Amino acid sequence: MTEHFITLSTTEPNNYVGLLKMRQGDINTQTIQATITANGQLFKFDRLSVFFNAVLPNGNVIRDKVTGVDYVNSKLNYVVADSFLQEVAQVTAWFSFENDEKIIDSTKNFQYSVIPGWKECIPQGNYIYELSEIQRQIEEIIGNKDFTSLLSKIDSLSTEQEYLNSKVDFLRQQKADKSEIDAKLSQISSVPETFANLAALNSTYPTGKPGLFVTADTGHKFIWANSTWTDAGIYQSVGIADGSIGSKQVSTISASKIIDNQLSPSEADGLGNINVVGNNEYVMITSNEVQTAEKLVGTFIPLIITEKGKLILTANITSSLNAGYTQSLWLADKNKTVLRQFSNIAVPDKSAAINAKVPINITEGPGNYYLLITSKAIGTVTYRNLTFNTSGVQSPTVAEEIGNLATKIDNSPMVTTRAFDTIINSDVQLDKVSATDGIELTRDGNNITAKVNKANGSGGLQAIFFPVHVQSRNAEFAGTVKVVPITFSGMYTQQIYLADAEHNLGELLGTFPVNSQASADFKVKMPASQDFCIALIASVTGTFEFELSLNNSTGRNVNLQDYATWLDSGTYDHVHMDISRMDYSNMIPKTIDGVEYVAPYHTFGVDNGKLNAIYVWTEKAGTYSFCVGKLDQNNLIVDGKYFDLNLDKGFNSIGVNIKTDAASNLFMKITDGVSLYEGNQAIKVQTSGQHIDLSMYSGDYFTDNYAFLPFGYDVTSLSPADRIKDVEEQQQKNTASIAQLMGAIILTTNKGIKYRLVVTDDGTLSTKNMTPNKVRVFGNSLTATSEGFGLAASDPQHDYYYLMSQYILGKNPKADIQRHETGAWEFSTNSSDRQKAFDDSFKPYLDTDTDLVIVQCMENVGSVAAKQTLTQDSTTLLQNIKKASPNAQIIWMYGWWGDYTVFDPAQNACNKVGAKGINLIDIGTQKSMQSYAGQKRTLKDGTVREIKDIEASHPSDAGMEAIADRLIANFDF
């Protein structure tokens with residue numbers, strides 16, 4: 001029996017349920033032990049029935065009655081029924097408390113994961129019980145000898161039967177109407193009559209006739225409608241004449257639509273304990289279990305079949321495996337039901353790469369299908385440029401077709417402009433790339449794979465030569481080199497040389513370090529029109545993938561897939577630190593005493609960027625800490641965004657969405673379960689022994705070191721749409737500032753004392769000291785509790801309210817400061833209830849003398865019902881405060897935790913009314929700012945208690961201090 005101990009609340013979010021995993025087929029062995037709370041106290045639900053509810057991935061809702069109920073201690077003991085483990089997925093669940101089938105209350109949602117196993121369950125949903133549940137209800141009815149509920153259900157079924165009978169009658173009538181329509185249609189000929197012109201048609205059928213009629217002079221079809229012959233447009237199609245399509249008829253050409261590929265690699269999806277990363281460049285499959293006779297484990301890639309016949313599958317395949325194997329390829333229908341085996345394909349070991357080309361005979365009709373790649377070995381297999389088409393040409397080489405198309409467009413008199421030279425313009429002659437005798441070359445689209453058998457210096461020069469054709473005098477070329485080691489796990493320095501057409505080396509153009517993946521830019525100036533080569537020196541042995549682009553235009557130099565991403569999604573720069581080829585299981589861990597956070601030596605280098613994904617290798621499953629931030633001149637982290645990720649053992653690929661800039665970097669905390677590894681990769685390391693104390697701040701600073709990191713990342717520049725969104729957000733902030741200026745014009749004396757300019761209805765101007773005399777603070781449990789101070793401060797002198805009050809009293813010792821609870825305002829589900837909450841909890845403490853009002857709430861607005869009128873209710877709340885205290889400055893703090901969708905209503909309301917909005921989400925999401933279960937809390941009477949699990953997400957003393965600092969920084973005095 002596996003027991004899952006959790007605490008659930010009917011009022012506050014559940015951030016500490018943890019990772020609940022249940023396996024299919026584990027019948028009556030998974031138990032949920034739940035403690036139910038409300039507002040930080042035990043929730044009393046005496047005499048109420050309790051049900052366990054869940055929403056399956058298909059949208060169906062299932063439920064089961066909970067029989068193990070401890071009403072005294074507010075605890076539930078529920079054995080999870082097999083029906084809740086139907087599908088492998090993340091499932092949303094909750095407990096409801098009911099009285100005669102009327103829901104009285106329910107917990108906030110939580111999630112559990114269903115992991116694969118053998119199942120023989122009855123598909124259900126929409127409150128259709130399985131047979132065991134029906135049997136239990138019947139036995140309960142018979143045992144109680146109370147047939148009331150059964151008779152009620154029978155009446156309900158009778159009503160439903162009457163409704164169904166009425167539907168049948170309606171459909172029969174519809175069938176009769178259809179018969180009449182069919183009779184009318186039978187009178188209409190499918191072959192149109194043709195007339196010379198409309199006048200001839202009118203002459204022949206002046207009163208109309210059913211059917212289709214065509215006039216030869218216009219080629220248009222006519223029908224009789226509303227007592228006249230009506231022109232219905234061109235009859236069928238007369239085709240497109242040669243040369244009739246010009247630039248006015250062409251709106252947009254997208255390379256991603258030109259790519260000849262019937263597969264959709266970016267939509268690849270895994271089944272079983274595997275991790276699948278799919279994009280336009282590759283499908284990377286990391287298998288933690290393998291296919292067996294009893295269990296299907298594999299990757300489904302969407303496939304569109306347009307016609308029967310022969311198709312060709314092509315791919316460049318690499319792996320992290322010690323031994324290669326033969327991979328089976330299968331066809332599945334749109335429901336992922338396996339139909340048949342397509343063919344086999346060879347998967348190499350980690351020392352090699354295979355360019356596969358497999359013909360496949362398609363016997364199925366057109367439609368949507370899946371290509372299924374089953375998992376046969378533990379490890380990572382990568383399929384690059386995976387393509388399924390009739391030509392057998394991989395999609396990246398469509399770049400050449402675009403070049404041909406550009407030439408045709410140039411020669412066409414119908415097109416006046418083109419932009420292909422700013423899309424793909426490389427002067428490198430890839431078909432003429434060569435190498436010295438110690439290197440074997442293969443070409444795959446724009447990529448050159450080099451197997452280096454001899455390193456440079458071992459018997460002479462060893463290099464790859466990329467020939468460049470020069471078309472103009474005094475040309476200046478800009479180029480980019482990208483290197484991806486395939487079988488080399490160390491570090492070396494890549495040298496870039498200028499060479500003549502006969503491969504004689506000249507100027508050294510640049511060098512850059514290479515480990516897991518690297519790229520560098522360089523420039524070449526040529527004095528005359530002469531062809532030359534770019535030489536890449538082969539410094540070490542191994543297999544490498546090279547991509548070199550070079551041009552002398554101002555256009556962007558990219559390959560087709562990069563261009564498709566650039567044009568269609570608006571991405572302009574891309575940095576990818578790939579660790580998928582690193583064989584961490586055979587690497588030597590490196591120990592650094594006192595190590596804390598580590599990071600790559602180089603920053604992202606992308607302005608207006610976005611961190612899309614984090615790749616991590618872990619030695620065991622657990623929760624790991626990360627930060628996106630910068631290092632200042634003292635090598636201390638600044639502007640850090642700290643967050644935790646739950647990771648599985650082995651390789652992890654986690655999608656994120658975090659804004660970055662060129663100076664940003666990704667930091668990871670080295671803890672139990674994750675290691676650094678011996679290697680020559682330059683990194684930054686923070687250790688507890690390296691501490692610096694400055695007047696403004698202090699901390700453990702970073703130093704340089706060398707080791708292989710257990711993580712990587714993917715960063716792109718923001719798309720134009722995202723940049724527009726950034727501008728809109730900045731505009732909103734500006735609007736808020738303008739609103740505040742409209743509400744208060746502040747004057748400052750020579751001594752720094754601030755006054756607000758006030759005008760009465762008769763136009764009399766006066767000034768008011770900005771230092772408040774009467775302050776009222778309204779909040780939820782962060783501000784006010786039955787214990788007299790905010791959760792989860794360690795004592796009354798460490799909550800934000802006390803710290804803020806001390807600041808105000810320092811300015812005005814006579815200030816009257818009070819705090820009060822917001823009452824039911826957050827939990828109300830309509831405007832009238834929120835108005836009542838204001839009248840009961842806010843209004844009694846406000847008057848015309850109040851000159852500062854602070855509101856702290858929104859964290860507990862979670863239900864759909866509570867959000868329905870939230871936008872208007874937020875504005876109304878501030879307007880009500882303004883009406884009761886017309887001279888008061890208003891500040892609204894929100895976002896310590898909660899649903900991001902409720903933050904905008906608060907901020908927008910502030911903008912409208914001229915109040916200040918303060919978002920705390922960047923503080924509240926930091927683990928170091930939160931409390932923890934077991935923390936000591938000293939009450940006003942000296943009693944000491946411990947913080948409970950359900951309270952641990954509240955601010956610690958550090959979090960309270962950060963809130964107070966943020967609040968005080970927004971004061972105008």
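**Exercise 1. Work out what share of the chain is buried, and how its contacts are spread along the sequence.**

Start with burial (under 20% relative accessible area, 1.4 Å probe, protein chains only): buried residues make up 46% of the 973 residues in the chain. Before going on, note that this is a predicted model, where local features need pLDDT of at least 70, side-chain atom pairs count only at pLDDT 80 or more, and totals for chains, interfaces and linings use all residues. Residues are numbered from 1 along each chain as its sequence is written, and side-chain values use heavy atoms, with hydrogens and water left out.

Next, take contacts (heavy atoms within 4.5 Å). Of those between residues at least 6 apart in sequence, 73% join residues at least 24 apart.

**Exercise 2. Place H820 and describe its surroundings.**

First, find its strand (a DSSP run of E, at least two residues, numbered from the N terminus): H820 sits in β51, residues 816-821. Then check exposure: H820 counts as buried because its relative accessibility is 14%. Now look at partners. Setting aside neighbours within four places in sequence, H820 touches R776, V777, F778, G779, A784, S841 and Y845. Finally, its side chain makes a polar contact (N or O atoms within 3.5 Å, one able to donate a hydrogen and the other to accept it) of 3.0 Å with the side chain of Q818.

**Exercise 3. Count the disulfides, then look at C857.**

The cut-off is a pair of cysteine sulfur atoms within 2.5 Å, and the structure holds zero disulfides. C857 is in none, as its nearest cysteine sulfur, that of C910, is 10.0 Å away. C857 is buried, at 1% relative accessibility.

Notes. Helices (H or I, at least four residues) and strands (E, at least two) are DSSP runs, numbered from the N terminus. Buried means under 20% relative accessible area, exposed over 50%, partly exposed in between (1.4 Å probe, protein chains only).
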